[in-house]
Number of protein chains: 2
Amino acid sequence: MAGIKDVAAHAGVSVATVSRVLNDSPRVSAETREKVVTAMRALHYTPNGVARSLRTEATRTLGLIIGDILNPFFAAMARAVEDEARAAGYTVVIGNADERPEQQDHYVRTLLEQRVDGLLICPTAEATPLVEDCVRYGSPLVFLDRTLPGMDVPAVRADGTAAIHDLVRHIQRLGHRRVAFISGPELLSTGRERTRAFLDAMRECGLDVRDEYLEAGDFQAASGRAIAARFLDLPEPPEVIFAGDNLMALGALDEIRARGLRIPDDVALASFDDVAWFVHLDPPITAITQPAEELGRRAVRVLLERVERRPVESVVLPARLVIRRSCGETES
Amino acid sequence: MAGIKDVAAHAGVSVATVSRVLNDSPRVSAETREKVVTAMRALHYTPNGVARSLRTEATRTLGLIIGDILNPFFAAMARAVEDEARAAGYTVVIGNADERPEQQDHYVRTLLEQRVDGLLICPTAEATPLVEDCVRYGSPLVFLDRTLPGMDVPAVRADGTAAIHDLVRHIQRLGHRRVAFISGPELLSTGRERTRAFLDAMRECGLDVRDEYLEAGDFQAASGRAIAARFLDLPEPPEVIFAGDNLMALGALDEIRARGLRIPDDVALASFDDVAWFVHLDPPITAITQPAEELGRRAVRVLLERVERRPVESVVLPARLVIRRSCGETES
DNA sequence: GTCGATCATGTAATCGTTTCCATACACTCC
DNA sequence: GGAGTGTATGGAAACGATTACATGATCGAC
């Protein structure tokens, strides 16, 4: 494959000049530039980004490690990250951690070796030694969606607390008392935060939460289904099932449908995370929507600030309750 | 950041030896290896993949250019590509072409500059000059999901012809006569193939297709909705709407729901592409399912063969009809 | 005791860029 | 006409790894 030397030879100039044309430096005369460009065309020259990166110590690449690209929430975030990065002249390498710390570490290692300019991580579970090293030795790092307690890393995330309070009030107003929650993993900041908000909101509304109405899943559909099944098998099943993310809501829905139960008469359903098709279900599902695109975009902006070693601050955006009909009709 | 020289100095050996340890060459004594490993740990050494790639002319990276990561079909394919690539020791860079040729070209260019070892493309519309150059100058290229006519590039795709015939027969057996098709873009091989299969199947079943029952969308939800609206506004609207992909089916569904029409009594609906939540709709949507994961995995395998300059063949996998209830009850 | 084989290790060239510095030439100004 | 100021260009040293080749040690066989 033709390199800069071939172009230089073909155009009868030095490699330095070709390089200047490549980086459109002003210190090149019009005719010379013309000659060089012609030579590039003739040879089908494609600049070697690897060599350039080696020399400039910058790859113009960002790494993004997410839980699962099949989860529409992450997909939307990934998409936004990509768009914003491209607009800033960066490429994004996406790694699917599949919620497994060792796979997350695999990607952290790989991306570090590839010398990405910055890293966006949706951390799975607790901090691994590798991630700790990253922050200690100063790789530009930003957490997305989730945080890791006690780590001095800027984070861009949504806060669902207020929306969960709204949801519980909505449920209470509809006359429900027995509310069960399929929470996320205790190890994830989002899992903890949503559980805490749920508990607080219930107390505030004067509803009590039985132990058997609170169980933690793993943010995947299968666990949502299994937990919903256990809730429904209880001697006194809950009137409402609130799922901690959209996949577990899908799982719960599977179970409810499989039993031929009606929503909301037999059991009401609500979900943290909204997805496009909730609105098409009968009844449409009441959900809490997170600003996934905005999170992705802001995360890139914060990360690029960090890359340029400017001081940055964490970003918290509010999630918002979208009332539909899966918890009952509002008597407006 | 510590480099191989620092490690060599710290361990009291030459850089060559460190490199040998890095690539676990057998020509290094146990003690020396030990010393080197210790030095690496002490210095938090992370090998520089950029330098390695420059020297070895291989990045162990694959590029994947898809239409839209938000489309669950592409997301599933991307996920499978990633898994298979990781298993083979490769990283994947995903580019979202957003069905725009110029954005596709942007990614082709970028990925070529980054010297990916191979490129997987779901081509948007017709061949661009850039893509033509790729095949002419021999970058390892494999088409995924779609093909480009007259280009000598191996492709991994699904064939929906048989499934579409099955669908039309199913529809006919249920007594419907007036079937409308929201086709994909004429420029995409998948669009053309599905339209042709639909027309053939209709003829074979003795049903005729009115001009006003055939309109091309762009594989995005909005076009599906608009076209469905035009179908339903016709003096004699169709009994069945068949959408050429899942997003246009979603759009059509939006429109049907907005008009308060019942499925399948007022209008039946079927979709090319199956997605997880179709089963939860009332009624569940009859759809044609493509083996997205299998496509992704096979594509990586074919591409890696090409990377190693072994001869490869295109792969065609069948799509399959999944009968649910959105076209009417089967009187079994 | 010498020769050749085998093994561990080191030296230095190389990959394709960028960029610092030097140089050569053309002006302008006194 | 020579000093000073730009401007376009070239030469060559990085960047951090890999690897062909060289070297020196050890060892067994004769």
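Let's start at the DNA. The surface near DNA strand C has, by class, twelve nonpolar, nine polar and six charged residues. On the classes: Ala, Val, Leu, Ile, Met, Phe, Trp, Tyr, Cys and Pro count as nonpolar, Asp, Glu, Lys and Arg as charged, and the others, Gly among them, as polar. "Near" is a cut-off: the C-beta atom, placed from the backbone, lies within 6 Å of the strand.

A word on the source. This is a predicted model, where local features need pLDDT of at least 70, side-chain atom pairs count only at pLDDT 80 or more, and totals for chains, interfaces and linings use all residues. Residues are numbered from 1 along each chain as its sequence is written, while chains are lettered from A and ligands numbered from 1 in the order in which they are written.

Back to strand C. Which residues come nearest? Of the 27 around DNA strand C, they are A:Ile4, A:Ser19, A:Asn48, A:Ala51 and B:Ala16. Two or more residues come from each of α1 (4-11), α2 and α4 of chain A, and from α2 and α4 of chain B. Helices here are DSSP runs (H or I, at least four residues), strands are E runs of at least two, and both are numbered from the N terminus.

Now DNA strand D. It is surrounded by 26 residues, and the closest are A:Ser14, A:Thr32, B:Gly3, B:Ile4 and B:Ser19. In each chain, α2 (15-22) and α4 (49-56) supply at least two residues apiece. The class split is twelve nonpolar, nine polar and five charged.

Next, the protein interface. 36 residues of chain B are in contact with 36 of chain A; contact means C-beta atoms, placed from the backbone, within 7 Å. On the chain B side, α4, α5 (72-87), β2 (91-96), α6 (101-113) and α11 (246-258) each give two or more residues. By class, that side has 18 nonpolar, eleven polar and seven charged residues.

How are the copies related? A turn of 180 degrees and a shift of 0.0 Å along the axis lay chain B on chain A, with an RMSD of 0.0 Å. The two copies are thus related as by a two-fold rotation axis. The same surface serves both: 100% of the contact residues of chain B recur in chain A. The fit is least squares on C-alpha atoms of residues with pLDDT of at least 70 in both copies.

Last, domains. Chain A divides into domain 1 (1-42), domain 2 (57-157 + 291-318) and domain 3 (161-289), with bounds from an automatic or database assignment. In chain A, ten residues of domain 2 are in contact with eleven of domain 3.

Methods. Two residues are in contact if their C-beta atoms, placed from the backbone, lie within 7 Å.
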